[in-house]
Amino acid sequence: MTDYAKAREVAEQAREKEWSRPSFGKQLFLGNFRLDLVHPAPALPEAETKRGEEFLRTLRRFLETQVDPALIERTSQVPDEVVKGLAELGAFGITTDEEYGGLGLSHLDYGRALMLVGSYSPALSTLLSAHQSIGVPQPLKQFGTPEQKQRFLPRCAKGEVSAFLLTEPDVGSDPARLATTAVRDGDDYVLNGVKLWTTNGVVAGLLVVMARTGTGISAFVVEADSPGITVERRNAFMGLRGIENGVTRFHDVRVPAANLIGREGQGLKIALTTLNTGRLSLPAVCAGTAKWAVKIAREWSNERVQWGHRVGDHEAVARKIAFIAGTAYALEAVMDLSCRLADDESNDIRIEAALAKLYASEMAWKVADELVQIRGGRGYETAASLAARGERGVPAEQVLRDVRINRIFEGSTEIMHLLIAREAVDAHLTVAGELIDPSLDNRTKARAAVKAGGFYARWLPTLVAGSGNRPGSYTEFGPLAQHLRYVERTSRKLARSTFYGMSRWQGKLEHRQGFLGRIVDVGAELFAITATCIRAREESADLGLRPVEIADTFCHQARLRADALFDRLWDNSDSRDVRLAHYLLEGRYTFLEEGILDPSIEGPWIAAAEPGPSATENVHRPIR
């Protein structure tokens, strides 16, 4: 078996293969616009809403009076007093059940809290989200034993920081290469290996560690001060300068077998299942960034005058302002709807959460970039420099640096495209997978052909026409009905395009990553349009036409993007790009590199992670 086949097999085994609950996202990619699954959006009980609002008010007061985001940026560290203060508020156990010392609030309140914190200090929101979304609380909440929950969740809720350790120096999105091992020895496992980019790892008291147990990968809760664990260094980045991210070495670390989460070999599935809701933290932070950008764009574009007019009155800038405002509204709508679906637990939201993460991270980056452009030279200047010469210290360039990582965190854009695409074509592979499997014999393929023929005979006619072709559909949405009709029509077009792609490339479709990425991006735009229309309809009861006006503009923007993506499904330079890249890698075009000097510091591209005890100082500094 090739390395690629092994990696693919590991990833496939970790997938959730069952769909026990309905999925709006799955149906959307199948050309079935199930608006009833998301509208009306589930609402929280009034008592829960009040508790959440009270916590958000308390959190806002704490941020305003106790947190200096400029200090965090300047010193590259969140003060211990801030961490302790947040712990006292319960901010480290927002969704942890009250029986374990948490606040027991909803995913929606958690999202709103991260949106608030992220708008003020992205590094601080990363500390909180890494702890709760992918650290110890979430996997234990879903897979932990009663004993594990009693032992660890109260500590997490009280503010003992946790971290998630999967990535290694030579392992990113390919877990089949995982080198850290956990070998059973009596009542313990013995861990050996090196983990990279351990967000919160420098200050964490508890760790979730992924390690190889035999042929599978397992998850463990590990005490960060266990003998044999060394945080060898704290990493520094272009943005999020306050995060405590390190390199952690394990040498003969003994971990009680009772700390195994779930079963042996279940680690990757635990990680992926945890991320179904854990990924919703990033859309929340991105929404906070975009909403802050609206405020700065409005205030600055009113103040700055060029050629006799406010810069916001010039069309070139006005278009950017409209993009920022529309996108901010949409990102909050996507976050809001996804979190409410997560709280309701009636739907399977694995696709919705992944779409929300993908879309929010990409769009927030564009928003931050456009804000810097609107601010001009002041957008490129640091907040400290602006303030030093007597102007308002707007950290636009910092936000641009801070938000960039979101396109890589918790699944890069490229990996998210493939992950979502795999789920989007799941129905096709279920009925026709054997038909395109080159390893199967003709008799098996003949049976598969009969099965697939029956499915497609029923399914393809449903893609011809639908409610999106009827002018009177979705009239309860008023002026926004046209956009939902567009979503319905386009979801069928999307499903037809996916079918055409499968027919054309069959088993090779998985390598057509440009095609699959565009399919997923269209689905993301459709999900965003849907969420935006739902939110605007709800808010219009109190705010009148104002939400509808913003939503209408955003939906037109999103439709143009989706139509452009459809055009590029079949008219693109993908094959030429791949060929040129191949030639480049083979050294055919080294003449392009003549006439330059490389300022890189010499060293290997990937540092060797040799097993054994650490030879460096332990920089672990738990917050007590």
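These legends go with close-up views of a predicted model.

**View 1. Helices H6 and H12 packed against each other.**
Here we look at where H6 (residues 107-120) meets H12 (residues 315-344): the two axes come within 7 Å and cross at roughly 150°. Angles over 145 degrees count as roughly antiparallel, and H6 and H12 are therefore roughly antiparallel to each other. On the H6 side, the contact is made by His107, Leu108, Gly111, Arg112 and Met115. Their partners in H12 are Glu332, Met335, Asp336, Cys339, Arg340, Ala342 and Asp343. Sorted by class, the contact of H6 with H12 has five nonpolar, two polar and five charged residues.

**View 2. The hairpin of strands E2 and E3.**
Strand E2 (residues 181-185) runs antiparallel to E3, and five bridges join them. If you want a landmark for the register, try Thr181, which stands opposite Asn192 in E3. Two residues sit between the strands of this hairpin, and in the turn Gly186 has a positive phi of about 65°.

**View 3. Strand E3 and its pairing with E7.**
Strand E3 also pairs with strand E7 (residues 245-256), again in the antiparallel sense, over nine bridges. Asp188 stands opposite Pro256 in E7, which gives a handy reference pair. As for its surroundings, E3 (residues 188-199) has 11 of its 12 residues buried, so this strand is largely enclosed by the rest of the structure.

**View 4. Helix H20 from end to end.**
Zooming out a little, we follow H20, which covers residues 481-505. With 25 residues at 1.5 Å a residue, H20 should span 36 Å, and that agrees with its end C-alpha atoms, which are 36 Å apart. Of those 25 residues, 18 are buried, so H20 is largely enclosed by the rest of the structure. Just after the helix comes Gln506, which takes a positive phi of about 50°.

**View 5. Ala481 and its contacts.**
Back to a single residue: Ala481 has its place in helix H20. Its relative accessibility is 2%, so Ala481 counts as buried, the cut-off being under 20%. What does Ala481 touch once its neighbours within four places in sequence are left aside? The answer is Ser473, Tyr474 and Thr475. For a sense of distance, look at Pro471: this residue is 10 residues from Ala481 along the chain, and their C-alpha atoms are separated by 8.9 Å.

How values were computed
Residues are numbered from 1 along each chain as its sequence is written. This is a predicted model: local features need pLDDT of at least 70, side-chain atom pairs count only at pLDDT 80 or more; totals for chains, interfaces and linings use all residues. Side-chain values use heavy atoms; hydrogens and water are left out. Axes are lines fitted to C-alpha atoms, for helices over the stretch in contact, and angles run from 0 to 180 degrees between N-to-C directions. Helices (H or I, at least four residues) and strands (E, at least two) are DSSP runs, numbered from the N terminus. Angles under 35 degrees count as roughly parallel, over 145 as roughly antiparallel, 65 to 115 as roughly perpendicular and the rest as oblique. Contact means heavy atoms within 4.5 Å. Ala, Val, Leu, Ile, Met, Phe, Trp, Tyr, Cys and Pro count as nonpolar, Asp, Glu, Lys and Arg as charged, and the others, Gly among them, as polar. Buried means under 20% relative accessible area, exposed over 50%, partly exposed in between (1.4 Å probe, protein chains only). Two strands pair if DSSP finds at least two bridges between them. The expected span of a helix is 1.5 Å times one less than its number of residues.
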